[in-house]
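I opened the notebook to go through charges, contacts and a few odd backbone angles. These are my entries, in the order I looked things up.

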Amino acid sequence: MPIRRLPPETVNRIAAGEVVERPASAIKELVDNAIDAGATRIEVEAHGGGLTRILVADDGCGLSAEELPVAIERHATSKLAPDADGLWDLLRIHTMGFRGEALPSIGSVARLQISSRAKGQKDAFSILVEGGQVGEVAPAAFPGPHGARIEVRDLFYATPARLKFMKSERAEALAITEEIKRQAMANESVGFSLDIDGRRVLRLPPEHPGPQGRLARLAAVLGREFQENALEIDQTRDGVRLSGFAGLPTYNRGNAAHQYLFVNGRPVRDRLLQGALRAAYADFLARDRHPTAALYVTLDPTEVDVNVHPAKAEVRFRDPALVRGLIVGALRHALAGAGHRASTTVAAQALDSIRAQQSPFPGYQPQYQPGPSAAGFSAWREGGWTPPTQRPMDLPGLSEVSARVEPSYGGELAEVVREAYGTVAFNDRPPTDYQGAGAPFDPIDYPLGAARAQVHETYIVAQTRDGMVIVDQHAAHERLVYERMKGEMAAGGVARQTLLLPEVVDLDPAEAERVVARAEELAALGLVIESFGPGAVLVRETPALLGKTDAAGLIRDIADDLAENGAALALKERLEEVCSTMACHGSVRAGRRLNGAEMNALLREMEATPHSGQCNHGRPTYVELKLADIEKLFGRR
C-alpha cells in the first residue's frame, strides 16, 4: 500500500477534530484569544446550542488588516517569539493560547468571519473563511474603538459526520455555560456576558483583582452561599503558591462538579485535585459527599507542561507530589482554623424543614384567623370564648416535663470536665474579649452561648446574645473524642501487631513497585511491608487498631489509591474509621441526662476543638438560629 501525503484541507479537518470537539471547545479557544489580547469585557452569544451561530466580541487590542490573513493560517501565532539564539521555547508559556490552531481549525469546519479594529487605528476590516476557503480582507463596520468580533456559523457543516455525535441543543448550551463560568472564575478582572438563543444567562461585571474580587466573582458564579461558607486559602511552598477558597465540610454536595482547579490562570481538569480534596476532607465527609472548592495554583511556567492535551484542558506538573502535598496541607490548615464553625446553610435547611412541616401540602397559604381572646377582653365578655372548666395545670399532658431547665453557668465546670472527659479542654474563665473592668461576665457571650435546657435527653438548647443554639450532644462529643484520639495517635505513633506468618500479596509488577515505594509512609501508619520479588509484596506487620484484617485486600486497595490519587488513602481511611467507631462508642450517648455544668462543659470544649461543627460523617453537630430567623417563624417580621 503506497504512502500518500494528505491534502491541507484534510489535515486541517483532522486537527479541528482534536481542538474543536464541540461548540463549547470553540468558545473556549476564542475566549482564550480575547484574554490574551488584553480584553476587559467579553460578550458571548450562542444559538442552537452553538451549532447554528456563535459570536464572541471583545475590547482587546484587535487585529490589523495585514494580520487578519495570517491569523487564520495554521501554526501562526503572536504568543511565541524566538529568543536571542533563535530558539522557540515551549516551556515558558505565559498565555492561554500558543499553538495558532484555533482559528484555522474552526474555519476548516464552519463559516468563520473575523471583524476587527486594531488599537490606535481608524479603520476596521474583516475576513471570511468557509470550510477552509479563505476570502479577501475587506473594510467592515465595527462598533467599538478597538477589539474583535468573531462569528461562527454552521459549525461542523463541512464535516457532517461530526454532527451526528453532538448532544442535544440543551446539553451543548449547558456545556457552553459551564465553560464561560470557568473562564469567569479564572479571570475576575474581566467582565463576561452570555446570551443563549436570545436569553440572558450570565452578566458578570469586572471585579477588582485580588482575593476579595475573586470571592465576589465566585459568589456570583457558585452562589452567595459559597461566599458565606468559604475558607480562604493562601499558602506557598518551594515556589508554588496555592490560593483560592474551599467550602466548610458541612457545606458539601452530592457530586464533585463544584471542584475547580486553575493553573497559572488556566482552567484545567486534573485527577490530582479530586484526590487531594478527598484526602483533606477525609475526616469530615462520608464517601458519597463532596466538598466545594476553587483553587488557584501559581508556579514557574517551566515547572508545568501545558502542551500535553490538544485542547489544553490538562497539564502535567514536574513535581506532582509537591503540588498535592501543598493542596492537602493548605486545606487542612484552613479547616483547623475554622474551629467549631458550621455552614450557614444548616440553619436555613432547619428553617425550611420547619416551614415545610407547617404546610399541609405544597403551596398551601393559610388565611390568617385571629385566635380566641383571653379572659377579661371583649370576646370573653361577648361570649365568643368560654374559659375551660379545668384549671390549666389539670389539662392532660400540660404538667409533664418535656425539657429540663438548668441554672446558669457555675464555677464547678472544671471539676465536671475532669470527671466527664478526662481532660480540661476549656477553663472556667470567660474569654478575655468579654472581661471588662469590674463588669460581670454573661456566659451567653460565648460563641455557643450558655446552656439553658436539655430536650428529650438528646439535644442541648443554649442561648446566645442574638439567638439560640441546638446541639446534638452525641454527635458533638463523638467529634471531640475522635479529635483527642487522633492527637494521641499522632503523638504516640500507631501501634503495630506482627503477623505470625507474613502474608504474600500478588500484584501487577507496576502496582507492587508503587506500593513498595511508599513503604516508609505506610510504616508510619503501622503497616510494615517489603518487596518479595517482581509483582509481590510481603506484609509483616499491620496496625493493631484494625485487629484481624484482610491484609491482601488492604494492599490491593492501597495499590488502587496510589494509581488513582497518588496517595495511600485506603489505610488512613480504615484507621480513621476505626477511631471514629471507637469515638462513637466512647462518647456521651443520646438519652443520657446532663446537668447544667456538663452541658456548658461540652459547649466550651466544642469552642476550643477544631472541626467540632460537624460529626465524623459530615453532619452538623449544632444548629444556630438567629433571633431574626425565629421571629420570621412567628410572623414578627
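Which backbone nitrogen does the side chain of Asp 58 reach? I looked, and the partner is Gly 60, with its backbone nitrogen at 2.7 Å from the Asp 58 side chain. A reminder to myself: this is a predicted model.

**Entry 1: Asp 58**

I placed Asp 58 in strand 2, which runs over residues 53–58. I then checked its burial and its charge partners: Asp 58 is buried yet has no salt bridge. The nearest side chain of opposite charge belongs to Arg 149, and I find that 9.6 Å away. A salt bridge needs a nitrogen-to-oxygen distance within 4 Å, so Arg 149 doesn't make one with Asp 58.

Next I listed what Asp 58 touches, leaving out neighbours within four places in sequence. I got Ala 34, Ala 39, Arg 41 and Ile 42, and further along the chain His 146, Gly 147 and Ala 148.

**Entry 2: salt bridges**

How many salt bridges does the structure hold? I have 20 in my notes, and I went through some of them.

I began with Asp 32 and Lys 28, whose side chains meet in a salt bridge at 3.0 Å, N to O. Both sit in helix 2 (residues 23–36), and they are 4 residues apart, about one turn of the helix. Buried or exposed, I asked of Asp 32 and Lys 28? Both are buried.

Then I took Arg 111 and Glu 130, a salt bridge at 3.7 Å, N to O. Arg 111 is in strand 3 (residues 111–117) and Glu 130 in strand 4 (residues 125–130), so this pair ties together parts 19 residues apart in sequence. I noted Arg 111 as partly exposed, at 28% relative accessible area. Glu 130 also goes down as partly exposed, at 33% relative accessibility.

My next pair was Arg 214 and Glu 188, where the closest N and O atoms of the salt bridge are 3.7 Å apart. Arg 214 lies in helix 7 (residues 211–222), while Glu 188 is in the loop between helix 6 (169–186) and strand 8 (191–196), so parts 26 residues apart in sequence are tied together. Arg 214 counts as buried at 17% relative accessibility. Glu 188 is buried as well, at 8%.

I also wrote down a network: salt bridges link Glu 45, Arg 53, Glu 151 and Arg 153.

**Entry 3: a nonpolar patch**

Which residues form a nonpolar patch on the surface? I found Leu 6, Val 11 and Ile 14, with about 260 Å² of accessible area together. Of these I looked up Val 11, which is placed in helix 1 (residues 8–19). Val 11 comes out as partly exposed, at 33% relative accessibility.

**Entry 4: Arg 316**

I moved on to Arg 316, in strand 18 (residues 316–317). Arg 316 is exposed, with a relative accessible area of 54%. I compared its C-alpha position with that of Val 306: the two are 10 residues apart along the chain, and their C-alpha atoms are separated by 6.7 Å. Not counting residues up to four places away in sequence, Arg 316 touches Glu 303, Val 304, Asp 305 and Val 308.

**Entry 5: Thr 609**

Where does Thr 609 sit? I found Thr 609 in the loop between helix 19 (596–608) and strand 26 (622–626). Thr 609 counts as buried, at 10% relative accessibility. Its side chain reaches the backbone oxygen of Glu 605 at 2.7 Å.

**Entry 6: backbone angles**

I finished with phi. Most residues other than glycine have a negative phi, so I noted the cases that go the other way.

Asn 264 has a positive phi of about 50° although it isn't a glycine. I placed Asn 264 in the loop between strand 13 (259–263) and strand 14 (266–268). Asn 264 is partly exposed, with 29% relative accessible area.

Glu 457 is another non-glycine with a positive phi, about 55°. I found Glu 457 in the loop between strand 20 (450–455) and strand 21 (459–464). Its relative accessible area is 26%, which makes Glu 457 partly exposed.

How values were computed
Residues are numbered from 1 along each chain as its sequence is written. This is a predicted model: local features need pLDDT of at least 70, side-chain atom pairs count only at pLDDT 80 or more; totals for chains, interfaces and linings use all residues. Side-chain values use heavy atoms; hydrogens and water are left out. Helices (H or I, at least four residues) and strands (E, at least two) are DSSP runs, numbered from the N terminus. Buried means under 20% relative accessible area, exposed over 50%, partly exposed in between (1.4 Å probe, protein chains only). Lys and Arg count as positive and Asp and Glu as negative; His and the chain ends are not counted. A polar contact is a pair of N or O atoms within 3.5 Å; within protein, one must be able to donate a hydrogen and the other to accept it, and residues adjacent in sequence count only if both atoms are side-chain atoms. Contact means heavy atoms within 4.5 Å. Patches are made of residues with over 30% relative accessible area and no salt bridge: like charges are joined within 9 Å, nonpolar side chains (Val, Leu, Ile, Met, Phe, Trp, Tyr) within 5 Å. Accessible areas come from the Shrake-Rupley method with a 1.4 Å probe; for residues, only the protein chains shown count as cover.
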